[in-house]
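Work through these exercises with the model open. Try each task before reading its solution.

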Amino acid sequence: MSVMRIFGDSISGNCLKVKWVANLLNRPYEWVEIDIMQGQSRTPEFLAMNPWGQVPVVLLEDGRPLAQSNAIMLHLAEGTDLIPSDAYDRAKMFEWLFWEQYSHEPTVAVVRFKVKYQKMAVADVDPVLFGKARACLERMEDHLTDRTFFVGDSLSLADVALVAYTRMAPDGGFDLSPYPALLSWIGRVESALGL
Ligand SMILES: N[C@@H](CCC(=O)N[C@@H](CS)C(=O)NCC(=O)O)C(=O)O
């Protein structure tokens, strides 16, 4: 047995989600920085851990690898308050986790990547993609209007997953000022995560 190793790129919200959960749960780990822009997730050693060649990946204390940010968070947070004990609330948390991966991350995070790292002008971003991302932010604002956290009354993995790229949305040219509930929620989650 050795200390858990998290292979991640610090520019990636998906990787930061895993780091934040490990920190919140005081789980010892070694962070191994992988520069995806330099192809470090495509080396034979990396592909042996995750044949899909993406970060984050963790090597658990017993050496077993695990990929997919939300799967990793779920594994680390098993049995903790970050996963609601009520079956319906837990299913609602999964609802948001699946939505985050299928609708939010492929739009909000992809626009940010194009603008911030591929240096594309916001005006040149596909307006359909940009509109889908903005619709996600509006969906979140609607949901948060009368809520403190995404599910129930306390922080869950749904908040951790969704805050990662939402707090970075301005990097992609999104103005969050029309979304006051969203902005307050970002502040609450950041303070819960010690960011
Ligand atoms: N669904 C995956 C997405 C992982 C992902 O897209 N990773 C990106 C960084 S955010 C990556 O490794 N990109 C490099 C590549 O695909 O070569 C997760 O949540 O972990």
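**Exercise 1. Find which residues are closest to the ligand, and how many surround it.**

Solution. This is a predicted model, so read each contact as computed.
Step 1: Count the surroundings. The ligand is surrounded by 13 residues.
Step 2: Pick out the closest. They are R42, V55, Q68, S69 and Q101.

**Exercise 2. Determine which atoms of Q54, V55 and S69 approach the ligand.**

Solution. A polar contact here is a pair of N or O atoms within 3.5 Å.
Step 1: Take S69. An N or O atom of its side chain is 2.6 Å from an oxygen atom of the ligand.
Step 2: Take V55. Here the backbone supplies the N or O atom, which lies 2.8 Å from a ligand nitrogen.
Step 3: Take Q54. A polar atom of its side chain sits 3.3 Å from a ligand oxygen.
Step 4: Look at burial. The ligand alone exposes 510 Å², and the protein buries 79% of that.

**Exercise 3. Describe the peptide bond between V55 and P56, and place P56 in the fold.**

Solution.
Step 1: Read omega. It is about 0 degrees, and the bond joining V55 and P56 is cis.
Step 2: Recall the usual case. Most peptide bonds are trans.
Step 3: Locate P56. This residue is in the loop between helix 2 (44–49) and strand 3 (57–59).

**Exercise 4. Characterise the largest pocket: its volume, its lining and the chemical classes of that lining.**

Solution.
Step 1: Take the volume. It is about 600 Å³.
Step 2: List the lining. There are 24 residues, and N14, Q54, V55, E105 and Y165 lie nearest the centre of the pocket.
Step 3: Sort the lining residues by class. They split into 11 nonpolar, 10 polar and 3 charged.
Step 4: Ask which element gives the largest share. Helix 4 (residues 87–117) does, with 7 residues.

**Exercise 5. Follow helix 4 from its start, through its kink, to the residue after it.**

Solution.
Step 1: Begin at the start. A side-chain oxygen of D86 comes to within 3.1 Å of the backbone nitrogen of Y88.
Step 2: Move along to H104. The helix has a kink of about 55 degrees there, shortly before the proline P106.
Step 3: Go past the end. K119 follows helix 4 and has a positive phi, near 55 degrees.

**Exercise 6. Work out the sign of phi at N26 and where N26 lies.**

Solution.
Step 1: Recall the usual case. Most residues other than glycine have a negative phi.
Step 2: Check N26. Its phi is positive, about 50 degrees, although N26 is not a glycine.
Step 3: Place N26. It lies in the loop between helix 1 (13–24) and strand 2 (29–33).

Note on methods
Residues numbered from 1 in each chain as written. Predicted model: local features only at pLDDT ≥ 70, side-chain atom pairs only at ≥ 80, totals over all residues. Heavy atoms only, no water. 1 Å grid on protein atoms, 1.4 Å probe; cavity = no way out; pocket = protein on both sides within 12 Å on 5 of 7 lines; lining within 4 Å. Points joined across faces, edges and corners; volume = space filled by probe spheres on them. Helix = DSSP H or I, 4+ residues; strand = E, 2+ residues; numbered from the N terminus. Nonpolar A, V, L, I, M, F, W, Y, C, P; charged D, E, K, R; others polar. Bend = angle between axes of the 7 residues up to and from the residue. Polar contact = N/O pair within 3.5 Å; in protein donor to acceptor, adjacent residues only side chain to side chain. Near = heavy atom within 4 Å. Areas by Shrake-Rupley, 256 points an atom, 1.4 Å probe, with all protein chains shown as cover.
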